[in-house]
Structure formats: structure tokens, C-alpha cells
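Trainee: I would like a close look at one part of this protein: the annotated sites and what surrounds them. Please take me through it residue by residue.

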Amino acid sequence: MPERLTITRLGVRGDGIAETAGWTVYVPFALPGEVVTAEVAGERGRLLRVEEAGPGRREPECPLFTRCGGCAMQHLAETHYRAWKRDGVLVALQRAGLDAPVADLVDAHGEGRRRVTFHARRVDGETHIGFMAARSHALVPIEACPVLSPGLARAPAAALALARLLEGSGKPLDFQVTATTAGLDLDIRGLGAVKDILRQALVTAAERLDLARLSLHGEVLVERRPPAIAMGRAVVVPPAGGFLQATAAGEDALAERVTAACSKAKRIVDLFAGCGPFALRLAERAEVHAVEGSPEALVALDRAFRATPGLKRITTETRDLFRRPLLPPELDRFDAVVFDPPRAGAEAQARQIAASKVPLVVGVSCDVGTFTRDARLLVDAGMRLVEVVPVDQFRYSPHVEIVGIFRRPDSHARARGGRR
């Protein structure tokens, strides 16, 4: 039964929130100050009509908005959008009992997302590629996306051509595509082992589609040109299917704040280092020890380091930091710790950092919840969270990156006196 609701605020996922008859209803695509009609089931509401638009509403830029699950907030005006994203960080810090200045939201969308994953599914008897609808396994076919960088303009057509080549497998496939200086780097997932004749067909397709590299579950099928990514002064060829920040501007914004915080450090340990977005920039002024669980990522980092003149020494260590975090005696050799874990956070490693004597810690996170959990461990051990910077590289989504800077109370005196 449709109900008339008044939206009072936005939730952290972007849903409009209404309080009615003693319970809370979450209505996607509704905004504060609006009166809407929604079909309500429990605490979820499906927006039917906006009866009275709120002051923050604008026209979305994509015709697939509300159908495609990739964007949640294209209907929210810029000023309101920035405030909502920053407020989400503020609320999370407050709930964790963390008191720190929070900078203005940094717009790090740049020219758009340089990496995207398309899903390939059969819809009405025909193979399509696209994104999943919100809270659904239904595919929304797409031919273009306004949040992608120009370097990915050919990506939907390339993914679709490969999906149609592979439709005989009968499997749901994913195509991770990255825009690089050499063109598209594409990794196929979900296909499993293939026979030689199909491998050759894929290699031929990579030639026809002018892909820089084509891989299958991270195994390179053909590399026609090295799919390079600039990281500071260095140029990295990431492992096939490996992790990268979503936008080039986002990586630059995060790295700028990490390197500025570590500007006086002589020896730095970079934990969850990946293929070097921070380590390679930090090494322009300091020695760096890069620790990462993926040996392929560290090989890419090391090659880039050795090919870049003028960098200070970078050493690498392959290590599962979830199961075997660096211990305080290992950490105490460094002037600063940088850590950028996956979404699950770095609880085990944060406990060891908290027990160490390292004077400066810079934490980077893509999840506010795990960031505040790990930050609480450091603060409870006597460190001070001196600044939090929210960085927005996932435009129109609820996701926000965070850079948190932690110092021990005696860190300035220690820096002036040098390391003992």
C-alpha cells in the first residue's frame, strides 16, 4: 500500500530516511526536505513519486540512474553531496569516540574511473554486458557510463565482443578493464580453465580489439604492449588483475597527503604496499621498506623502482599481514608507518603498531567502519589522531577514502633529536 512520507535526513548509504508511526523507513533516491509517495515493506521503501522536491535535488546525468546499481547519488546537488560525504566520516568518528579535525572533502574524481568491472549475462536469450541493479542480481546493459575516464570509452564494446565469443561456456563472466598508457588491460574472470583452441581464439580477439594485455584470472594470455601506469616519477606495469586506486586523481590525492605527512621521515615502512603507489613516491625523499601479500605486486614495484633513477632505496618483503603482522621490534626501526589495507581493515597489524614506538602513522582506508576500529586501537595506545582527510574518488557512491594522521605526543621531540 503506497504511503506518503516526509524525508528528514540522509543515511550513510544515501537512502532518504523517514520516521513514521514509530519506525524508520529507508527510501532510496529520496532527499531531505521532500515529501514522497513510497511503497513500504518493513523498513524499506520503494520511491513511487516525489510530491514535493527538496532543496538539494538536481537532474541526474545518466539515463540509467535508479536502474543501474553503480551510482546512488546523481540526484543530489554538489554542495549537499559534499556535505553528506564529509558528514558520514564525522558521524563515524564520533560514534567511535574519536576527536579529530576533519578536512573538507577532496574531489578526486578527475577524468573519471580508470578501472571498471563489467558483468556478462544472458538477457532475453542474448548476451549483454553491464552493471547489476541496486540490491539485485539483475543485469542492466550499458553501452557507456558517465563516471568512466575517456580511456575506457572502448571498454564496453571490447567486453561485449569477448563475452559473445565465450557465451558457449554458459558461465556468468566478469571483465575487469583498466585504462593504461598503452590502452586497455582486460582480465576475464569466472571462465575457469580453457582449452588451447579457445586460448588462441582469445589471443586473436585481443589483436582484433587492440588490447594492450588480455589475461584470464590473472594469467596473461597475451601482452601486446606493457599496460603501464605512472606513479610519481616511476612507471609501473601492474600484475594482471591486480589492485589499483579507482581514479588517477584519487591515487594522486591520497599519495600527496601521505608523502606530505611523512616529509621529515628518513626510513618508512609501507604496509599493504601493493605495486607501489605510495612507496615509489615516498622513495623520492626517504628509504622505504614495502610489505605486501602479493608477490606479483612486489615484483612490479621492484621493477619500477630499478628503472627509475634518483629514487632512494626500496626493499620489499612478501608477507601476509593479516596472519603475520610486523611486530613492534620490527616497526621500531622506522620513523613512520604507512598502511593501506583492503576493506576489511588491518586490526591485527594495528594492534602491533599500537604496541610499537613508531612516532608517526599514516592510515589510508576505503572503509569508514574499519578505519575507526583500527584508529581506536592506536588512540587507546596513546597516539593522537591529528587530522582526517576524506577523499572522494567514487563519485555518486556512498564510498569515501580516508587518510588519517597519527602522532605520538613526543614525536616532535623525537624528530628533532633524531633516532637513537
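Mentor: A strand here is a DSSP run of E, at least two residues long, and strands are numbered from the N terminus. With that in hand, note that this is a predicted model.

Start with the binding site. An unreviewed UniProt entry gives that annotation to Gln245, Phe272, Glu292 and Asp340. Take Glu292 from that list. Glu292 sits in strand β18, which covers residues 287-292. Is Glu292 buried or exposed? Its relative accessibility is 14%. Buried means under 20%, so Glu292 counts as buried. Beyond its neighbours within four places in sequence, Glu292 is in contact with Phe272, Ala273, Gly274, Ala297, Leu298, Glu317, Thr318 and Arg319. Phe272, in that contact list, also carries the binding site annotation. Ala273 adds a polar detail. Its backbone nitrogen lies 3.4 Å from a polar atom of the Glu292 side chain.

Now Gln245, also listed by UniProt under "binding site". Gln245 is in a loop, between β16 (234-236) and α4 (248-261). Its relative accessible area is 4%, so Gln245 is buried. Setting aside residues within four places in sequence, Gln245 contacts Arg114, Glu251, Leu254, Asp340, Gln393 and Glu401. Asp340, one of these partners, is itself in the binding site annotation.

Next, the active site. For this, UniProt lists Cys366, again in an unreviewed entry. Cys366 lies in the loop between β21 (360-365) and α9 (368-380). How accessible is Cys366? The relative accessible area is 18%, so Cys366 is buried. Not counting residues up to four places away, Cys366 touches Pro342, Arg343, Val400 and Glu401. Glu401 therefore links the two sites on paper: Cys366 touches Glu401, and Gln245 does too.

His109 can be read in the same way. His109 belongs to the loop between β7 (106-107) and β8 (115-123). With a relative accessible area of 7%, His109 is buried. Outside the four-place window in sequence, His109 touches Val147, Thr247, Ala249, Asp392, Gln393 and Arg395. Gln393 is the link here. His109 touches Gln393, and Gln245 is in contact with Gln393.

Last, the N-terminal annotation. In the unreviewed UniProt entry, "domain: TRAM" covers residues 1-54. That span is 0% helix and 61% strand. Its end C-alpha atoms lie 24 Å apart.

Conventions
Residues numbered from 1 in each chain as written. Predicted model: local features only at pLDDT ≥ 70, side-chain atom pairs only at ≥ 80, totals over all residues. Heavy atoms only, no water. Helix = DSSP H or I, 4+ residues; strand = E, 2+ residues; numbered from the N terminus. Buried < 20%, exposed > 50% of the residue type's maximum accessible area, 1.4 Å probe, protein only. Contact = heavy atoms within 4.5 Å. UniProt positions renumbered as here; feature names shortened; annotations may be inferred. Polar contact = N/O pair within 3.5 Å; in protein donor to acceptor, adjacent residues only side chain to side chain.
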